[in-house]
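User: Please take a close look at the largest pocket of this model. I should like a connected account of its lining and of the parts of the chain around it.

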Amino acid sequence: MPQPVKSPLAVFALRGLVAASLIVLAAAVRIAPHPWNFTPIGAMALFSGAIFRDRRFAFLFPLAALFAGDLFVGFHRLMPVVYASFLIQIFIGTWLRERRSAPRIGLAVFLGALQFFLITNFAAWRMFDTYPQTVAGLFACYAAGLPLFGNTLAGDAVYAVLLFGLFALGERYFPAMREPSESFAIQA
């Protein structure tokens, strides 16, 4: 008996639905009480960039989820910078699209957390009067942010394991979620 042929469109729709559900769940977790910067946001951005083939969804869906969370968390002056950093993390996630492996995901998590730390702390130094506008003031700002970098990195790592891990389990145990191979041919 021949195996049923999966439509690539149906597979992409199922994968997209599962990925979107995981992103919504991650966005919901963000509004729950948590240690400073220990959130699923960075992992959500990497995951979205890695899973969604259509760049419109890869960028738009997690941005909408981030904005929805901000409606509960609150708005602040650094939001444009945070969103720009978030876009960079989505772009880093696209590097994982063709080959997701633990070392590559780990490197993406580190690069995403590092760029977030560097960009947002630089912006905080420039936009607020907390530190003098000198090189020493910038280094003091970065030094003060190191504990938050640790939380960002830990949160991104934990949530990346959950998001990528749950998706990989879905692909493994639910054949309908697996991407069709390049050699897929539609049969009549």
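Analyst: The largest pocket has a volume of about 960 Å³. A pocket here is found on a 1 Å grid over the protein atoms alone, as an open set of points with protein on both sides within 12 Å along at least five of seven lines, whereas a cavity is a set of points where a 1.4 Å probe fits but cannot get out. Grid points are joined across faces, edges and corners, and the volume is the space filled by probe spheres set on the points. The lining consists of 37 residues, of which Trp 36, Asn 37, His 76, Val 82 and Phe 116 are the closest to the pocket centre; a lining residue has an atom within 4 Å of a point.

The model is a predicted one, in which local features need pLDDT of at least 70 and side-chain atom pairs count only at pLDDT 80 or more, while totals for chains, interfaces and linings use all residues. Residues are numbered from 1 along each chain as its sequence is written, and side-chain values use heavy atoms, with hydrogens and water left out.

By residue class, the lining of the largest pocket comprises 20 nonpolar, 13 polar and four charged residues. In this division Ala, Val, Leu, Ile, Met, Phe, Trp, Tyr, Cys and Pro are nonpolar, Asp, Glu, Lys and Arg are charged, and the others, Gly among them, are polar. At least two lining residues come from each of α2, α3, α4 (79-94), α5 and α6. The largest contribution is that of α6, with seven residues.

These elements belong to a protein with six helices and zero strands, in the order α-α-α-α-α-α along the sequence. Helices (H or I, at least four residues) and strands (E, at least two) are DSSP runs, numbered from the N terminus. Of the 188 residues, 41% are buried; buried means under 20% relative accessible area, exposed over 50%, and partly exposed in between, with a 1.4 Å probe and protein chains only. Among contacts with a separation of 6 or more, 74% join residues 24 or more positions apart, a contact being heavy atoms within 4.5 Å.

Asn 37, one of the residues closest to the pocket centre, is found in the loop between α1 (8-30) and α2. Its relative accessible area of 24% makes Asn 37 partly exposed. The phi of Asn 37 is near 65°, a positive value in a residue other than glycine. Most residues other than glycine have a negative phi.

The helix that follows this loop, α2, is mostly covered, with 11 of its 11 residues buried. Among them are Met 44, Leu 46, Phe 47 and Ile 51. Beyond α2 (41-51), Phe 52 occupies the loop that leads to α3 (55-73). Phe 52 is buried, as its relative accessible area is 10%. Leaving aside neighbours within four places in sequence, Phe 52 contacts Gly 16, Ala 19, Ala 20, Ile 23, Phe 57, Ala 58 and Arg 97. Gly 16 lies 36 residues from Phe 52 along the chain, yet their C-alpha atoms are 6.7 Å apart.

Two of the helices that supply lining residues, α5 and α6, are also joined by aromatic rings. The structure holds 10 aromatic pairs. Rings of Phe, Tyr and Trp (its six-membered ring) pair if their centres lie within 6.5 Å, and planes under 30 degrees apart count as stacked, over 60 as edge-to-face and the rest as tilted. Phe 110 and Phe 149 form an edge-to-face pair, because their ring planes stand at 80°, with the centres 6.5 Å apart. This pair ties together parts 39 residues apart in sequence, since Phe 110 lies in α5 (residues 102-127) and Phe 149 in α6 (residues 135-173). Phe 110 is partly exposed at 37% relative accessibility, whereas Phe 149 is buried at 15%. The rings of Phe 117 and Phe 149 have centres 5.1 Å apart and planes at 55°, so this pair is tilted. It likewise links α5 and α6, through residues 32 positions apart, and both Phe 117 and Phe 149 are buried. Ring pairs join Phe 110, Phe 117, Tyr 142 and Phe 149 into a cluster.

Also in α6 is Cys 141, which is buried with a relative accessible area of 5%. Not counting residues up to four places away in sequence, Cys 141 touches Asn 121, Trp 125 and Tyr 131.
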